[in-house]
Protein chains: 2
Amino acid sequence: MASFGRYGSQSYAPSAPSLPEEQSYGSGIPPPPATANSYAHQPHSHGHGIGYGQDCSYERSGFSPGTHPDVIRSFQMADSDRSGFIDENELQQALSSGYQRFSLGTIRLLMFLFKNPNEHFRIGPKEFAALWGCLGQWRAIFERFDKDRSGKISLTELRDALYSIGYVIPQPVLQLLISKYDNGGGQRDELNFDSFLECGMIVKGLTEKFKEKDPRYAGTATLSYDTFMSMVIPFIVSYN
Amino acid sequence: MASFGRYGSQSYAPSAPSLPEEQSYGSGIPPPPATANSYAHQPHSHGHGIGYGQDCSYERSGFSPGTHPDVIRSFQMADSDRSGFIDENELQQALSSGYQRFSLGTIRLLMFLFKNPNEHFRIGPKEFAALWGCLGQWRAIFERFDKDRSGKISLTELRDALYSIGYVIPQPVLQLLISKYDNGGGQRDELNFDSFLECGMIVKGLTEKFKEKDPRYAGTATLSYDTFMSMVIPFIVSYN
């Protein structure tokens, strides 16, 4: 098996808002360059296909102008008490209308990655729109690598999919990742979209955190104990 | 607030078996020195209060000689199909008899930390006995810091409790840890034993991993991307 020495030096991964910062760190990450294969644009681009005549209602709803009506509709259907926020169960319901059903684990991970750091256990319209856009990008990647349209991709395809968006993942790490979806003993070498998304978001989230500490893309970072704990614990506690 | 620059250079934390190694690393960790305040002994010490005349039955049961009968009884009650292993639900049931009820999150974390790396989602007698002993040690620490016997300890007491067993945890990390138990919006500054145990095991597990990469206890480690991912992902995927 080939040895994967480091992550791709230029990442073109599906966008997500910056992870919540628990401590103030110097970032130093250069913005990823745009390429023909770039997924790095902001997922909620404005003004495509939606008339600006609707701006006032968008503003009242809390969404940016240009947000796709499907996104607004899904959010508003889930936000039954019109609080302007949805919790994890409502998010699960909202996404199930536009996509397949997602596990609560994946929902919590999405919530953690997209929520405003000042909010607990809920997201607002803008975060929901960003999340929706990001899901669409992951879906496109999944479908590109699910060549036989079976709704599943293999470990090798997962590796290739992550590679295609800039992440070179060590084989043992990949095996570890998909072992989560092995329900006892047997080898299971295929992931549905829910599991693929969860894997992808974990890889992306941790890689972005690592890159903050490796601004020259050397593949190595020197971390203090405090920094290490502060990088990792949010993933563990927020995603449970 | 004081700045905590590094973890304690000598850790006397409640013992747990080594975490499962996903890759082969050089360890280089000196064994912690024994002190009057040391919790570092192996939790399933042999030959105290149990006659060795029972050795044969212990061997048949899979437990080491000297295992406390309560431990064996709890395991055997949970192992209803006499398979010699218990799964997470059975572990939850087994521990609820000897301790309070534990959340599934805590049970999964215990399972992850104590199970044989070759087993999936189940533990055998020896791992159960080690886990039971470790729980007793955490319980003793909890009770020592729950001075008013309320069954809860505060953030400050959590910090002091972790400090007493060798872990100097940055304040933001502590706040992050206990934010998991804040059910929306309000400040909650108290942990029951279940939550305390979960926090303690996360801190211990991650610190032990970090120390493997910081054999001279400098408080700093240089990690490759592969190493970082391999250190962290087991905590995320196994504990969900």
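This passage describes aromatic pairs, the nonpolar core, an annotated domain and some loop residues in a predicted model.

Aromatic rings come first. Over all chains, 22 aromatic pairs were counted. One of them joins A:W138 and A:F196. Their ring centres lie 5.9 Å apart, and the planes meet at 75 degrees. This pair is edge-to-face, because an angle over 60 degrees falls in that class. The pair links distant parts of the chain. A:W138 belongs to helix α5, residues 125-145 of chain A, while A:F196 belongs to helix α8 of chain A. The two residues are 58 apart in sequence. Both A:W138 and A:F196 are buried.

A:F196 also pairs with A:F142. Here the centres are 5.2 Å apart and the planes stand at 55 degrees, so the pair is tilted. This pair, too, links distant parts of the chain. A:F142 sits in helix α5 of chain A and A:F196 in helix α8 of chain A, with their positions 54 residues apart. A:F142 has a relative accessibility of 2% and therefore counts as buried. For A:F196 the relative accessible area is 0%, so this residue is buried as well.

These rings belong to a cluster. Ring pairs connect A:F102, A:W138, A:F142, A:F193 and A:F196. One member of the cluster, A:F193, also has a charged neighbour: the charged end of A:R139 sits over the ring of A:F193, 4.1 Å from its centre. In chain B, B:R139 lies over the face of B:F193, and the distance to the ring centre is 4.1 Å.

The next topic is the nonpolar core. The largest nonpolar core has 128 residues. Within this core, A:F128, A:F228, B:F128 and B:F228 touch the most other members. What does A:F228 contact, leaving aside its neighbours within four places in sequence? In chain A, the partner is A:L223. In chain B, the partners are B:L206, B:F210, B:L223, B:F228, B:M231 and B:V232.

An annotation covers part of chain A. An unreviewed UniProt entry places the feature "domain: EF-hand" at residues 66-101 and 133-168 of chain A. Over residues 133-168 of chain A, the chain is 64% helix and 6% strand. The end C-alpha atoms of this stretch are 24 Å apart.

Backbone angles and loops complete the description. Most residues other than glycine have a negative phi. A:Y217 is not a glycine, yet has a positive phi of about 55 degrees. A:Y217 lies in the loop between α8 (193-212) and β3 (220-224) of chain A. Is A:Y217 buried or exposed? A:Y217 has a relative accessible area of 17% and is therefore buried, because the cut-off for buried is under 20%.

B:R82 has a positive phi of about 55 degrees and is not a glycine either. Its place is the loop between α2 (69-78) and α3 (88-98) of chain B. B:R82 has a relative accessible area of 60%, so this residue is exposed.

Another loop residue is B:I169, found between α6 (155-164) and α7 (171-179) of chain B. B:I169 counts as buried, because its relative accessibility is 2%. Along the chain, B:I169 and B:V203 are 34 residues apart. In space, their C-alpha atoms are separated by 8.2 Å.

Notes
Residues are numbered from 1 along each chain as its sequence is written. Chains are lettered from A and ligands numbered from 1 in the order in which they are written. This is a predicted model: local features need pLDDT of at least 70, side-chain atom pairs count only at pLDDT 80 or more; totals for chains, interfaces and linings use all residues. Side-chain values use heavy atoms; hydrogens and water are left out. Helices (H or I, at least four residues) and strands (E, at least two) are DSSP runs, numbered from the N terminus. Buried means under 20% relative accessible area, exposed over 50%, partly exposed in between (1.4 Å probe, protein chains only). Rings of Phe, Tyr and Trp (its six-membered ring) pair if their centres lie within 6.5 Å; planes under 30 degrees apart count as stacked, over 60 as edge-to-face and the rest as tilted. A charge sits over a ring if NZ of Lys or CZ of Arg is within 6 Å of the ring centre and within 35 degrees of the ring normal. UniProt positions are given in the numbering used here, feature names are shortened, and annotations may be inferred rather than shown by experiment. A nonpolar core is a set of buried Ala, Val, Leu, Ile, Met, Phe, Trp, Tyr and Cys residues joined through side-chain atoms within 4.5 Å. Contact means heavy atoms within 4.5 Å.
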